[in-house]
Amino acid sequence: MPSLVAGLFPQEADLASYPPRHAGIHMPLRILIADDSPAIRRLLRFFIEHNTDWQVCGEAENGQIAVEKVTELKPHAVILDLSMPVMNGLEAAREITRIAPNVQMVMFTMHTTDQLLKDAQAAGIKAVISKSDTIGNHLLASLRTLCAA
């Protein structure tokens, strides 16, 4: 499938250097949340901002908007839902990997299967977390591990 946003953003090549690395300077982790549920986005934002020093730099209600916001906001990490309108989480992950290969991605979904784990890994997603799991025990721990590298 051809990219839905290929060529729309002239700064695409510049995104390969993200996340920015500044030796000796503490920069809060910038996270983009992509989920079609406003309630889930609010919950994740609240949990992240009240349990870490990280910053939620933006939200997206579908995968296409998530891809656009990656180019605009330059997050360090993206939390993606699988089932979203317009462009699902796997399609968005493939596009994000293409335009910003250093952005870490975690899929946060109700639909965890062995096949999804394989598809997610192939798309550049580093971890798949079930929405039925405890957020603090899995999602934040996964983000800490991925972004520490």
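These legends accompany several close-up views of a predicted model.

**Figure 1. The whole chain brings together 5 helices and 5 strands.** Let's start with the overview. Read from the N terminus, the elements follow the order β-α-β-α-β-α-β-α-β-α. The chain has 149 residues, and 46% of them count as buried. Among contacts with a sequence separation of 6 or more, 67% join residues 24 or more positions apart.

**Figure 2. Helices α3 and α4 pack together and are roughly parallel to each other.** Here we look at α3, residues 89–99, beside α4, residues 114–123. Their axes come within 8 Å and cross at roughly 25 degrees; an angle under 35 degrees counts as roughly parallel, so the pair earns that description. On the α3 side, the contact is made by Leu90, Ala93, Arg94 and Thr97, and they meet Leu116, Asp119, Ala120 and Ala123 of α4. By type, the residues of this contact divide into 5 nonpolar, 1 polar and 2 charged. An α-helix has 3.6 residues a turn, so residues three or four places apart point the same way.

**Figure 3. The largest nonpolar core has 27 residues.** The residues with the most contacts inside this core are Val70, Val78, Leu80, Leu90, Met105 and Ile125. Two or more residues come from each of β1 (30–34), β2, α2 (63–73), β3 (77–80), α3, β4 (104–109) and α4. Helix α3 gives the most, with 5 residues. Apart from this core lies another, of 16 residues, among them Ile33, Trp54, Val56 and Leu143.

**Figure 4. Methionine 105 has contacts with residues from several parts of the sequence, including Val78, Ile96 and Leu146.** This view zooms in on one of the residues with the most contacts inside the largest core. Setting aside residues up to four places away in sequence, methionine 105 touches Val78 and Leu80, then Ala93, Ile96 and Thr97. The list continues with Ala123, Gly124, Ile125, Lys126 and Ala127, and ends with Leu146. Ala93 and Thr97 also take part in the contact of α3 with α4, as does Ala123.

**Figure 5. Helix α2 packs its buried residues against β1, β2, β3 and α3.** The residues in question are Gly63, Ala66, Val67, Val70, Thr71 and Leu73. Val70 appears again among the residues with the most contacts inside the largest core. Just after the helix, lysine 74 takes a positive phi of about 50 degrees.

**Figure 6. Asparagine 62 sits in the loop between β2 and α2.** With a relative accessible area of 8%, asparagine 62 is buried, because the cut-off is under 20%. At the start of α2, a side-chain oxygen of asparagine 62 reaches to within 3.0 Å of the backbone nitrogen of glutamine 64. Leaving aside neighbours within four places in sequence, asparagine 62 is in contact with Met84, Pro85, Val86 and Met87.

**Figure 7. Threonine 52 lies in the loop between α1 (38–51) and β2 (55–60).** Threonine 52 counts as buried, at 16% relative accessibility. The side chain of threonine 52 reaches the backbone oxygen of isoleucine 48 at 2.6 Å. The side chain of threonine 52 also reaches the backbone nitrogen of tryptophan 54, at 3.0 Å. Trp54 itself is one of the residues of the 16-residue core.

Notes
Residues are numbered from 1 along each chain as its sequence is written. This is a predicted model: local features need pLDDT of at least 70, side-chain atom pairs count only at pLDDT 80 or more; totals for chains, interfaces and linings use all residues. Side-chain values use heavy atoms; hydrogens and water are left out. Axes are lines fitted to C-alpha atoms, for helices over the stretch in contact, and angles run from 0 to 180 degrees between N-to-C directions. Helices (H or I, at least four residues) and strands (E, at least two) are DSSP runs, numbered from the N terminus. Angles under 35 degrees count as roughly parallel, over 145 as roughly antiparallel, 65 to 115 as roughly perpendicular and the rest as oblique. Contact means heavy atoms within 4.5 Å. Ala, Val, Leu, Ile, Met, Phe, Trp, Tyr, Cys and Pro count as nonpolar, Asp, Glu, Lys and Arg as charged, and the others, Gly among them, as polar. Buried means under 20% relative accessible area, exposed over 50%, partly exposed in between (1.4 Å probe, protein chains only). A polar contact is a pair of N or O atoms within 3.5 Å; within protein, one must be able to donate a hydrogen and the other to accept it, and residues adjacent in sequence count only if both atoms are side-chain atoms. A nonpolar core is a set of buried Ala, Val, Leu, Ile, Met, Phe, Trp, Tyr and Cys residues joined through side-chain atoms within 4.5 Å.
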